[in-house]
Amino acid sequence: MIIKPKVKGFICVNAHPLGCQKSVENQIDYVENLPTNETPLTGSKKALIIGCSSGYGLASRVALGFGSNTQTIGVYFDREPTARKTASAGWYNNQHIEALAQDKKLFAQSLNMDAFQPETKLATIELIKASLKEVDLVIYSVAAPRRYISSEDKWYNSVLKPVGESLQSKSINTDKGLLSTVDLEAATQDEIDATVKVMGGDDWYQWMEDLDSAGVLAENCNTIAYTYIGEEITQPIYGEATIGYAKKDLDQTAVRIDDLLSARQSTLERTEALKDKKYAYIGVLKALVTQSSSAIPVMPLYISLLYKVMKENQVHEGCIEQIVRMLNTGLYGDTCQIDSAGRLRVDEHELDATIQTEVKRRWHEINDNNLWQLSDFAGYKRDFYQLFGFDYENINYDQSVDTFGQKSEEAIIEGASKTQEGVAS
């Protein structure tokens, strides 16, 4: 079938398999062609990445697996393809990672399951026991709009709202390329609490507690969750909003996980090197076009302006560049900026006073007539479409492709033949 993007609001409801493969290959090419002194450090040999569909989670899997030969298990929750409908992008991304890893004789397996559910944690533990035996790094990069808690038989829905007072701010209609105004009412306490349940640290802690209880964490295991903080323009909808409350909970959870993993050392032979070891980290990354950020009011316009200014100053980075720096300088290095809360920071170029001053100036001056000159809205749109495998050069989007992808199609044909043989017999 011929696959064209179907965009509804801030999300694309389909994906192009060849474009998703290209996205993965571009990131792999980046890490494989880095100078030796910039290659991701081999601090991890066996990693679990929870939330590896796209964005920073996917980049982490690529950087570790193809930059450091790390064996990886990925957990993602994506729609699989049918003969009439495409999969969501994360399915294609991780299918391709597994295929390329197999070609390189590198271990990479995945579970396509809801990370919030107990059965997913159990299945992951069983997979670790059957394959890697233990993991020395757990990356938590889950971004979801809602969460079902089976023990309560209840759904929690996150909201993107300010806290305390309503908010009116600039935004952009990404379909029409026109500026707009967003009016957001202040969140209720129930909405704040629900957002913390979905986007805070509760599930991260449950993962680490279950993995620890099952005995599948290496003695020196680290864990990191990614976050975004931003600056003045984004604070009303981010740091000071419902998301900000969830991020504060994430910070508190890192301390709780540190306590959890430190306590187990009392039952192990504790070495001097592990005496004051930190186990749980928060990694602060810059604003980029991701499936999550595109859903947040204000962010598409802010990111478009930020892209333009950072590119003009030659300090722009994408997901894979940010993650490589986080690994090299922060998680497995000692040159990363650490803030007063103990977070690892690689967002310093975005927050540079010169960059922010110029972004703010353009924020106040921008209108429909100068949108394309003052901002990199074209770059924003390209990055958005590429999240779903569209808008890549050298791909003929008028050509019919199979929704399963070439390798999966062969497997399906083989499976269908075996089924018919079984019926015939």
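This passage walks through selected residues of a predicted model, from the interior to the surface.

A good place to begin is Tyr56, which sits in helix H2, a helix covering residues 55–68. Tyr56 has a relative accessible area of 12%, and since a residue under 20% is called buried, Tyr56 belongs to the buried group. Beyond the residues up to four places away in sequence, its contacts are Ser141, Tyr226, Leu285, Lys286, Leu288, Cys319, Gln322 and Ile323. Contact is one way to place a residue, and distance is another: Tyr56 and Gly215 are 159 residues apart along the chain, and their C-alpha atoms are separated by 27 Å.

One of the partners of Tyr56 is Gln322, and this residue can be followed in turn. Gln322 is part of helix H9, which runs over residues 319–331. Its relative accessibility is 0%, so Gln322 counts as buried. When neighbours within four places in sequence are set aside, Gln322 is in contact with Tyr56, Leu285, Lys286, Glu317 and Val346. Leu285 and Lys286 thus appear in the contact lists of both Tyr56 and Gln322.

The charged side chains come next. The structure holds 19 salt bridges. In one of these, Glu191 pairs with Lys161, with 3.0 Å from N to O. Glu191 belongs to helix H5 (residues 189–199), whereas Lys161 is in the loop between strand E8 (154–157) and strand E9 (167–173), so this salt bridge ties together parts that are 30 residues apart in sequence.

Another salt bridge joins Asp251 and Arg343, whose closest N and O atoms are 2.8 Å apart. Here the partners come from distant parts of the chain, 92 residues apart: Asp251 is in helix H7 (residues 242–263), and Arg343 is in the loop between strand E13 (337–338) and strand E14 (344–345). Although charged, Arg343 is buried, with a relative accessible area of 18%.

Helix H7 also supplies Asp258, which meets Lys278 in a salt bridge with an N to O distance of 3.6 Å. This pair again links distant parts of the chain, since Lys278 lies in the loop between H7 and E12, and the two residues are 20 residues apart. The partners differ in their exposure: Asp258 is buried at 13% relative accessibility, while Lys278 is partly exposed at 30%. Salt bridges can also share partners, and in this way Asp251, Asp339, Arg343, Arg345 and Asp347 are joined into one network.

Attention now turns to the backbone. Most residues other than glycine have a negative phi. Lys133, which is not a glycine, has a positive phi of about 75°. Lys133 lies in the loop between helix H4 (118–130) and strand E6 (135–140), and at 54% relative accessibility this residue counts as exposed. Val298 also has a positive phi without being a glycine, with a value near 85°. The loop that holds Val298 lies between strand E12 (280–284) and helix H8 (299–312). Is Val298 buried or exposed? With a relative accessible area of 2%, Val298 is buried.

Two further residues help to relate sequence to space. Glu25 is found in helix H1, which covers residues 17–32, and counts as partly exposed at 30% relative accessibility. Glu25 and Leu100 are 75 residues apart in sequence, and their C-alpha atoms are 9.0 Å apart in space. Not counting residues up to four places away in sequence, Glu25 touches His96 and Leu100. Leu374 is the other example. This residue is in helix H12 (residues 371–374) and is buried, with a relative accessible area of 14%. Leu374 is in contact with Leu305, Lys308, Arg362, Glu365 and Ile366, leaving aside neighbours within four places in sequence. Between the C-alpha atoms of Leu374 and Leu261 there are 48 Å, and along the chain these two residues are 113 residues apart.

Finally, the surface carries a positive patch made up of Lys6, Lys8, Arg79, Arg84 and Lys85. Within this patch, Lys6 comes from the segment before strand E1 (7–8). Its relative accessibility is 53%, and because exposed residues are those over 50%, Lys6 counts as exposed.

Terms used. Residues are numbered from 1 along each chain as its sequence is written. This is a predicted model: local features need pLDDT of at least 70, side-chain atom pairs count only at pLDDT 80 or more; totals for chains, interfaces and linings use all residues. Side-chain values use heavy atoms; hydrogens and water are left out. Patches are made of residues with over 30% relative accessible area and no salt bridge: like charges are joined within 9 Å, nonpolar side chains (Val, Leu, Ile, Met, Phe, Trp, Tyr) within 5 Å. Accessible areas come from the Shrake-Rupley method with a 1.4 Å probe; for residues, only the protein chains shown count as cover. A salt bridge is a side-chain nitrogen of Lys or Arg within 4 Å of a carboxyl oxygen of Asp or Glu. Lys and Arg count as positive and Asp and Glu as negative; His and the chain ends are not counted. The place of a charge is taken as NZ of Lys, CZ of Arg, CG of Asp or CD of Glu. Helices (H or I, at least four residues) and strands (E, at least two) are DSSP runs, numbered from the N terminus. Buried means under 20% relative accessible area, exposed over 50%, partly exposed in between (1.4 Å probe, protein chains only). Contact means heavy atoms within 4.5 Å.
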